[in-house]
Every structure is written in structure tokens, then in C-alpha cells.
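Colleague: I would like to learn how to read the packing of two helices in a model, one step at a time. Could you take me through an example?

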Amino acid sequence: MNTGPSPAPRLPAAPEPRTALSPSRTLATAARVLRQLRHDPRSIALMLLVPCLMLFLLRYVFDGSPQTFDAIGASLLGIFPLITMFLITSIATLRERTSGTLERLLAMPLGKADLIAGYALAFGLLAVVQSALATGLSVWFLGLDVVGSAWLLLLVALLDALLGTALGLFVSAFAASEFQAVQFMPAVIFPQLLLCGLFTARDTMQPVLEGISNVLPMSYAVDGMNEVLRHADVTADFVRDVLVVSLCALLVLSLGAATLRRRTA
């Protein structure tokens with residue numbers, strides 16, 4: 001007869017987060033993020049108004065040389081949304097990490113893909129509004145002279161904003177405070193800004209820097225804008241630039257999903 005201690009009762013295992021993407025869970029996550037942003041008017045103003053204000057200021061800085069505004073305005077139309085969406089997304093996501101919201105969500109039967117897709121959808125909707133405002137202001141009010149279609153400008157601006165959203169979601173995993181999230185901007189954004197071809201043609205750079213610029217997504221964002229600026233038709237280079245920016249955004253979103261963890265630091 002066995003007189004040893006009886007085994008302790010087994011507790012039910014915690015539910016594992018689902019891995020399949022669910023439209024209903026994704027939409028619920030996006031709606032929650034949008035409700036939170038609705039109570040943060042300063043962030044909304046930063047996302048929607050600051051790119052427009054910067055373009056407005058730039059236009060009249062070059063008031064005596066409209067050709068200069070035409071030359072760099074299209075590039076900045078893609079760069080400004082990328083930068084602002086990077087800042088807002090990284091800070092907003094970090095707040096949810098440090099407050100424990102993400103930890104509680106990941107304890108629920110909610111997949112990482114649902115969370116990342118929900119965040120991307122919420123900020124992506126804001127990116128649509130932001131890109132439409134900036135593009136409309138530049139083309140129809142500030143007189144940005146482009147050979148191609150303004151709709152193609154809007155497409156590239158939107159993809160750039162989505163890329164900024166993806167980068168913000170990704171880097172938020174490595175910051176412990178909002179100040180650290182802002183500090184990632186010089187490391188992630190500034191090198192791309194210097195090497196993207198905004199200040200000088202990339203093929204005139206030192207060969208090593210040119211090689212680095214060829215793998216940075218902002219370079220293709222600027223090239224895509226310049227293709228619309230100079231060509232009336234959709235070119236093969238434009239298609240390449242759009243595909244590269246899109247694939248980079250998807251890749252970084254996938255990396256962002258991989259960095260989600262159950263416990264906050």
C-alpha cells in the first residue's frame with residue numbers, strides 16, 4: 001500500500017495566446033487604440049497638423065525660389081509623415097507596455113498578430129488622414145509642381161507613414177521610458193535622413209555610404225516621390241520603390257510581433 005504523499009492537484013494551464021489572425025480581435029484592438037488617442041488631442045495635433053505646418057513653412061522659406069520647393073518638397077512630403085508616425089507610435093505603444101496594458105492583453109486568448117495588426121490598423125487610419133492633408137496642402141494650396149499624379153504622391157506618403165508606424169512599434173520594445181523612445185530617433189531616423197538622397201544624389205556619395213543608403217527604406221521613399229515629381233507615367237523604378245517600402249513595413253511589423261512579450265520590463 002502506497003503511504004507516500006498524494007500528488008498535488010494540477011492547476012489548469014493558462015490559455016495560450018492564439019496565433020491565427022482574427023478580424024474581430026484585430027478590429028477590437030484598433031478601436032481601443034483609437035478611443036485612447038481620442039483623449040490625447042496633443043498627439044492627434046502632432047500627427048495631423050505638424051507635417052502640414054512644416055510644409056507650409058518650407059514653402060515660404062523658399063518663397064523666392066519655388067523651383068527649390070518643387071525639388072525637395074515632394075521628398076519631405078514622404079519624410080515628415082514617416083518621422084511623426086514613428087514618434088507617436090513608439091511613445092503610445094511604450095505607454096501601454098509600461099502601464100501593464102500589453103501584459104494583461106497577452107494574458108488573454110489574444111494573438112500577437114491581432115495586437116500588432118490592431119495597432120497598425122489604428123495608426124494606419126490616422127496615417128491616411130495625415131497623408132491626405134499633407135498631399136492636398138502641398139499640391140493644391142502650396143503649388144507643388146509635379147509631373148505625375150497627385151494620387152501617386154498620396155500613395156507613397158501613405159506607405160511612408162505606415163513604415164514610420166511599423167518602425168515605432170518595433171523600437172518601442174527596446175525603450176524603458178518615453179525619453180528613451182525619443183532617443184531612438186537619432187539612431188533610427190537621422191542616418192536614413194542623411195543618406196536618403198535629400199541633400200545630395202546617392203550615387204555621388206562615398207561608395208560605402210552609397211551601399212548603406214541602398215538598403216535603407218527611406219532612400220526608396222524619397223526615390224518614389226522623385227519618380228512622381230519627374231515622370232507622368234508609372235515607371236518601373238516607381239513600382240520597385242513602392243514594393244521595397246511596402247515590404248520593409250511588413251518585415252518590421254513582423255519583427256514587432258516577435259518582440260511582444262508577456263512581462264513588461
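Modeller: Take helices α4 and α11 (DSSP runs of H or I, at least four residues, numbered from the N terminus): Asp-70, Ala-71, Ala-74, Ser-75, Leu-77, Gly-78, Ile-79 and Leu-82 of α4 are in contact (heavy atoms within 4.5 Å) with Met-218, Val-222, Met-225, Asn-226 and Leu-229 of α11. The residues of this contact comprise 9 nonpolar, 3 polar and 1 charged, where Ala, Val, Leu, Ile, Met, Phe, Trp, Tyr, Cys and Pro count as nonpolar, Asp, Glu, Lys and Arg as charged, and the others, Gly among them, as polar. The model is predicted, so local features need pLDDT of at least 70 and side-chain atom pairs 80 or more, while totals for chains, interfaces and linings use all residues. Residues are numbered from 1 along each chain as its sequence is written, and side-chain values use heavy atoms, without hydrogens and water.

Colleague: At what angle do α4 and α11 pack?

Modeller: Axes are lines fitted to C-alpha atoms, for helices over the stretch in contact, with angles from 0 to 180 degrees between N-to-C directions. Here α4 (residues 66–98) and α11 (residues 217–230) pack at about 140°, with axes 9 Å apart. The two are therefore oblique, the class left after under 35 degrees (roughly parallel), over 145 (roughly antiparallel) and 65 to 115 (roughly perpendicular).

Colleague: Is Gly-78 buried or exposed?

Modeller: Buried means under 20% relative accessible area, exposed over 50%, partly exposed in between (1.4 Å probe, protein chains only). Gly-78 has 3%, so it is buried; beyond its neighbours within four places in sequence, Gly-78 touches Asp-160 and Met-225.
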